[in-house]
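Trainee: I have just opened this one. Can you walk me through a few of its contacts?
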Amino acid sequence: MRFLTLLSLTLLVTIVPSVSQAQKVSGNGDFVIGPDYHIDPDLTDQGNPKGKSFEFSMPLAESKIFDGKDTTLDPKKEVRTERKIFVYVPAAYEDGTKAPILVSFDGPSRLNLVRNALDNLTISKDPKRKLPAFIAIAVQNGGNDGKGSQRGLEYDTMSDRHARFINDEVLPAVLNNPEIKVAYPNIAFTEDPWGKAVMGCSSGGAAALTIGWFRPDLFRRLITYSGTFVDQQDDDAPQEKDYPLGAWEYHSSMKLIENSEKKPLRIFTHVAENDNRANDPEETYHNWVMANNRTAAALKAKGYDYRYIYSKATRHCDKKVFELTLADTLVWMWDGYSPN
């Protein structure tokens, strides 16, 4: 019962892991799922019309924001020379319209599930189970992991740098890609921040929250699985002055979420019962379960539009959690969206 004590839940819903029950999850709040799992049919290939997939690379050396040469990087940790970008344009997208987007990290990550969700749910006859025809963009990280790595620099740093990288460099690269332009000569993205979502797992999950936190003018729909809301920011990062415990500060004694002005964000978070370092004491600043419980509690206390899922009998970024929940997560995340 430790979970109940830590989170102080006033709303605790146990989801029976069948399709009919899983699809009844609605609204904001705290949910417990498991220990039985299976894939949601909406995340499988049902033979519906397919969109178009694209892949290209962006050399790190050509980036003005993440060129792979930061002095904080550990020379023993390899940096990629180029990062791959994966793009899926659903069949329901009409060339020339300003599309909403979902940017996911550690690409291609769960892009296969996102593709199926788009194929199935953009044409859904159920208005409560329908997705807008968003364009999915999966961005590969810059390499390696943890403190001193390029991936860690991009994902675990408490700043708007990664948001600027996605907005100022990745999105224009997608719009100007020659192969994509041939298929969609008038492709365009919405400027509405409510039409821009980001998704990640682990440090990619921390990156999703951080992008919205620092730049809600750019991205407002945030999906984090097994979020690394722990102290994993580089020790010699300049941001240590303001955020000495990195993403742990979202829920630390600093109470960054609760003590900051409420931001226009819609936030999904998740943690697994057996997530990373689940039994570590607080003073390590590295207990994923504690970090996510407290982050969800802070979002609730501040009155955010949020959904938090605690998955029993699962581990860090567990595939079966995505397979059961991602369609429902996407539907909830895009609820209320209407094109300008």
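**Helix contact and strand pairing**

Mentor: Leu113, Val114, Ala117 and Leu121 in α3 touch Phe322, Glu323, Leu326, Ala327, Leu330 and Val331 in α10, where contact means heavy atoms within 4.5 Å. Nine of the residues in this contact of α3 with α10 are nonpolar, none polar and one charged; Ala, Val, Leu, Ile, Met, Phe, Trp, Tyr, Cys and Pro count as nonpolar, Asp, Glu, Lys and Arg as charged, and the others, Gly among them, as polar.

Trainee: Is this model predicted, and what numbering applies?

Mentor: This is a predicted model, where local features need pLDDT of at least 70, side-chain atom pairs count only at pLDDT 80 or more, and totals for chains, interfaces and linings use all residues. Residues are numbered from 1 along each chain as its sequence is written, and side-chain values use heavy atoms, with hydrogens and water left out.

Trainee: At what angle do α3 and α10 pack?

Mentor: Helix α3 (residues 111-121) and helix α10 (residues 319-333) pack at about 50°, their axes 10 Å apart; helices are DSSP runs of H or I with at least four residues, strands E runs of at least two. Axes are lines fitted to C-alpha atoms, for helices over the stretch in contact, and angles run from 0 to 180 degrees between N-to-C directions. The two are therefore oblique, a word for angles outside these ranges: under 35 degrees (roughly parallel), over 145 (roughly antiparallel) and 65 to 115 (roughly perpendicular).

Trainee: Now strands. How many bridges join β2 to β12?

Mentor: Five bridges join strand β2 (residues 29-33) to strand β12 (residues 305-315), and the strands run parallel; pairing takes at least two DSSP bridges. Gly29 sits opposite Arg307 in β12.
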